[in-house]
Amino acid sequence: MTILVIGCGSGLGKEIFKKLKKEKKSVKGFSSIKSKLFNYINFNKLNLTKLKKQINSIDHISEVYYLSNLSKHENFLRVSENNLDKYINFNILNFVKFFQVLLKKNDKVIINIILSHICFMHNYGFTIYRSHKLFQKNLLQSLKIEFPNVKINYIYPGAIKTNFSKNNKYQGKSVFKPKNPKDIANSIVKKKKSFYSNIDYLFYILEKYLPEKIYFIIYQQILRFVYNKL
């Protein structure tokens with residue numbers, strides 16, 4: 001049985017790939033970063049025919065970790081047309097293509113999708129990032145109807161010390177202390193744990209049950225209170 005790690009070129013994906021290798025699992029890595037350690041997958045211009053050959057050449061795919069992400073902290077109106085096309089291509093269109101190919105081969109796979117606590121929050125500059133994370137979650141939730149034998153683990157790892165967090169230009173205060181990706185990878189592989197913090201869970205409950213206007217008023221007040229305590 002083979003495990004696929006999509007997005008293993010750096011950060012959390014790299015640590016998950018290394019952890020699985022260390023445990024002597026049969027694991028295949030896919031990354032948009034070229035390396036001899038894993039398969040190259042061009043998410044900027046995905047070749048569907050090549051992807052089918054890569055996936056179909058692997059016997060008995062039992063599990064997938066999906067971490068591939070292209071985004072940055074940027075005001076929505078300042079995102080260039082070129083970057084907008086790249087983000088949508090990389091995070092949405094190719095995500096759909098990948099799972100269409102995968103599920104044609106195996107409809108009983110375990111999918112571990114790495115999401116973000118930004119799914120529960122609304123913060124300046126994260127509009128694109130949040131939207132594609134929610135799209136990925138909603139697509140997989142819908143796929144469960146057509147593929148009831150697929151098991152999906154929605155994993156929210158919180159803030160992590162990766163290139164994404166290092167390279168974005170966000171200067172605001174953070175509610176979350178960035179964690180070591182190696183530690184988080186160990187916990188994800190071992191427990192498939194969702195790393196909700198109390199504030200994540202609070203925002204989730206509020207958004208689910210309150211009218212939108214009331215939710216945003218309470219949300220803003222909570223954030224102001226938390227930031228003032230930092």
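**Helix packing and sheet architecture**

In helix H1, residues Gly11, Leu12, Glu15, Ile16, Lys19 and Leu20 make contact with Pro181, Lys182, Ile184, Ala185, Asn186, Ile188 and Val189 of helix H6. Sorted by class, the contact of H1 with H6 comprises 8 nonpolar, 2 polar and 3 charged residues. The model in which this contact is described is a predicted one. The two helices, of which H6 spans residues 181-191, pack at an angle of about 55°, and their axes lie 8 Å apart. This angle makes H1 oblique to H6. The handedness of the crossing of H1 and H6 is right-handed.

Glutamate 15 belongs to helix H1, which covers residues 11-22. When neighbours within four places in sequence are set aside, glutamate 15 is in contact with Pro181, Lys182 and Ala185. These three residues are also among those of H6 that meet H1. The relative accessibility of glutamate 15 is 16%, so this residue counts as buried, the cut-off being under 20% relative accessible area.

A second helix pair is formed by H2 and H3. Helix H2 (residues 48-56) packs against H3 at an angle of about 40°, with a separation of 10 Å between the axes. The two helices are therefore oblique to each other. In passing H3, helix H2 makes a right-handed crossing. On the H2 side the contact involves Leu48, Leu51, Lys52, Ile55 and Asn56, which meet Lys97, Phe98, Val101, Leu102 and Lys105 of H3. By class, this contact of H2 with H3 contains 6 nonpolar, 1 polar and 3 charged residues.

The strands of the model include an open sheet of 6 strands, paired in parallel and arranged in the order E3-E2-E1-E4-E5-E6. Strands E3 (39-40) and E6 (151-155) occupy the edges, and each has a single partner strand, so one side of each is left without a neighbour in the sheet. At the E3 edge, strand E2 (residues 27-31) runs parallel to E3 and is joined to it by 2 bridges. Phenylalanine 30 has asparagine 39 of E3 as its bridge partner.

Beyond the regular elements, serine 68 is located in the loop that connects strand E4 (61-66) with helix H3 (81-105). Serine 68 has a relative accessible area of 7% and is buried. With neighbours within four places in sequence left aside, the residues in contact with serine 68 are Ile6, Gly7, Phe43, Phe90, Asn91 and Gln136.

Over the whole chain, the secondary structure amounts to 8 helices and 6 strands. Read from the N terminus, the elements follow the order β-α-β-β-α-β-α-β-α-β-α-α-α-α. The chain has 230 residues, of which 44% are buried. Of the contacts in the chain between residues at least 6 apart in sequence, 68% join residues at least 24 apart. The contacts of glutamate 15 in H1 with Pro181, Lys182 and Ala185, and those of serine 68 with residues including Ile6 and Gln136, illustrate how individual buried positions are connected to other parts of the chain.

Technical notes: Residues are numbered from 1 along each chain as its sequence is written. This is a predicted model: local features need pLDDT of at least 70, side-chain atom pairs count only at pLDDT 80 or more; totals for chains, interfaces and linings use all residues. Side-chain values use heavy atoms; hydrogens and water are left out. Two strands pair if DSSP finds at least two bridges between them. Helices (H or I, at least four residues) and strands (E, at least two) are DSSP runs, numbered from the N terminus. Buried means under 20% relative accessible area, exposed over 50%, partly exposed in between (1.4 Å probe, protein chains only). Contact means heavy atoms within 4.5 Å. Axes are lines fitted to C-alpha atoms, for helices over the stretch in contact, and angles run from 0 to 180 degrees between N-to-C directions. Angles under 35 degrees count as roughly parallel, over 145 as roughly antiparallel, 65 to 115 as roughly perpendicular and the rest as oblique. A crossing is left-handed if the near helix is turned anticlockwise from the far one by less than a right angle, and right-handed if clockwise. Ala, Val, Leu, Ile, Met, Phe, Trp, Tyr, Cys and Pro count as nonpolar, Asp, Glu, Lys and Arg as charged, and the others, Gly among them, as polar.
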